[in-house]
Amino acid sequence: MSEDSDDTDGERVVFPMLVGVTFGAALGTTVLQDITQGIVVGVVVGTLAALVFPAWTDRLFETVTGKLKE
């Protein structure tokens, strides 16, 4: 395994966490009236999504990185 693949594996786990934080902050601000709880929920949901649905998160990761490289 090369060093690049280790970095990519880490990015594939961190990416859904960051997406979860973004949506969690919005949810926490609007629904829960507490951004901290929203962020915590977002991190948990993002991490679980990465672990339970790896193919879906990989596809989303590839789509976003492809758009960013354009």
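Visitor: Why is Leu27 called partly exposed?

Guide: In this predicted model, Leu27 has a relative accessible area of 36%. A residue is buried under 20% and exposed over 50%, with partly exposed in between, so at 36% Leu27 counts as partly exposed. Leu27 has its place in helix α1, and its C-alpha atom is 9.2 Å from that of Gln37, a residue ten places away in sequence.

Visitor: What makes Ile39 partly exposed as well?

Guide: The relative accessibility of Ile39 is 32%, and this value is neither under the 20% limit for buried nor over the 50% limit for exposed, so Ile39 is put in the class in between. Ile39 is found in helix α2, and, leaving aside residues up to four places away in sequence, it touches Val21, Gly24 and Ala25. With one of these, Gly24, the C-alpha separation is 4.7 Å, although the two residues are 15 apart along the chain.

Visitor: How do you know that Gly38 is buried?

Guide: Gly38 has a relative accessible area of 0%, and buried means under 20%, so Gly38 meets the condition. Gly38, in helix α2, touches Gly24, Ala25, Gly28 and Leu32 when residues up to four places away in sequence are not counted. The C-alpha atoms of Gly38 and Gly28 are 3.8 Å apart, while the two residues are ten apart along the chain.

Visitor: Which class does Thr57 belong to, buried or exposed, and why?

Guide: Thr57 has 3% relative accessibility, which is under 20%, and therefore it counts as buried. This residue of helix α3 touches Pro16, Ala49 and Ala50, again not counting residues up to four places away in sequence.

Visitor: Which residues of α2 are buried, and how do you know where they lie around the axis?

Guide: In α2 the buried residues are Gly38, Gly42, Gly46, Ala49 and Ala50. They cover an arc of only 95° around the axis, which means that they lie on the same side of α2. On the other side of α2, Val40, Leu51 and Val52 are exposed.

Visitor: How do you know that the length of helix α2 agrees with what is expected?

Guide: Helix α2 covers residues 35-52, which makes 18 residues, and at 1.5 Å a residue these should span 26 Å. The end C-alpha atoms of α2 are 25 Å apart, so the span in the model agrees with the expected one.

Visitor: What makes Asp34 a cap for the N-terminal end of α2?

Guide: A side-chain oxygen of Asp34 lies 3.3 Å from the backbone nitrogen of Thr36. A polar contact needs a pair of N or O atoms within 3.5 Å, and so the 3.3 Å of this pair meets that limit.

Visitor: Why is the pattern of the chain written as it is, and how many helices and strands are there?

Guide: The protein chain has three helices and zero strands, and, read along the sequence, it follows the pattern α-α-α. Of its 70 residues, 20% count as buried, and carbon and sulfur atoms supply 68% of the roughly 5100 Å² that the chain exposes.

Visitor: Where is confidence in the protein chain lowest, and where is it highest?

Guide: Helix α1 (residues 3-32) has the lowest confidence, with a mean of 78, and helix α3 (residues 54-69) has the highest, at 86. The chain averages a pLDDT of 81, and 89% of the residues score at least 70. Where pLDDT is low, predicted coordinates should not be read in detail.

Methods:
Residues are numbered from 1 along each chain as its sequence is written. This is a predicted model: local features need pLDDT of at least 70, side-chain atom pairs count only at pLDDT 80 or more; totals for chains, interfaces and linings use all residues. Side-chain values use heavy atoms; hydrogens and water are left out. pLDDT is the predictor's confidence in each residue, from 0 to 100. Helices (H or I, at least four residues) and strands (E, at least two) are DSSP runs, numbered from the N terminus. The expected span of a helix is 1.5 Å times one less than its number of residues. Buried means under 20% relative accessible area, exposed over 50%, partly exposed in between (1.4 Å probe, protein chains only). The arc is that of the directions from the helix axis to the C-beta atoms. A polar contact is a pair of N or O atoms within 3.5 Å; within protein, one must be able to donate a hydrogen and the other to accept it, and residues adjacent in sequence count only if both atoms are side-chain atoms. Accessible areas come from the Shrake-Rupley method with a 1.4 Å probe; for residues, only the protein chains shown count as cover. Contact means heavy atoms within 4.5 Å.
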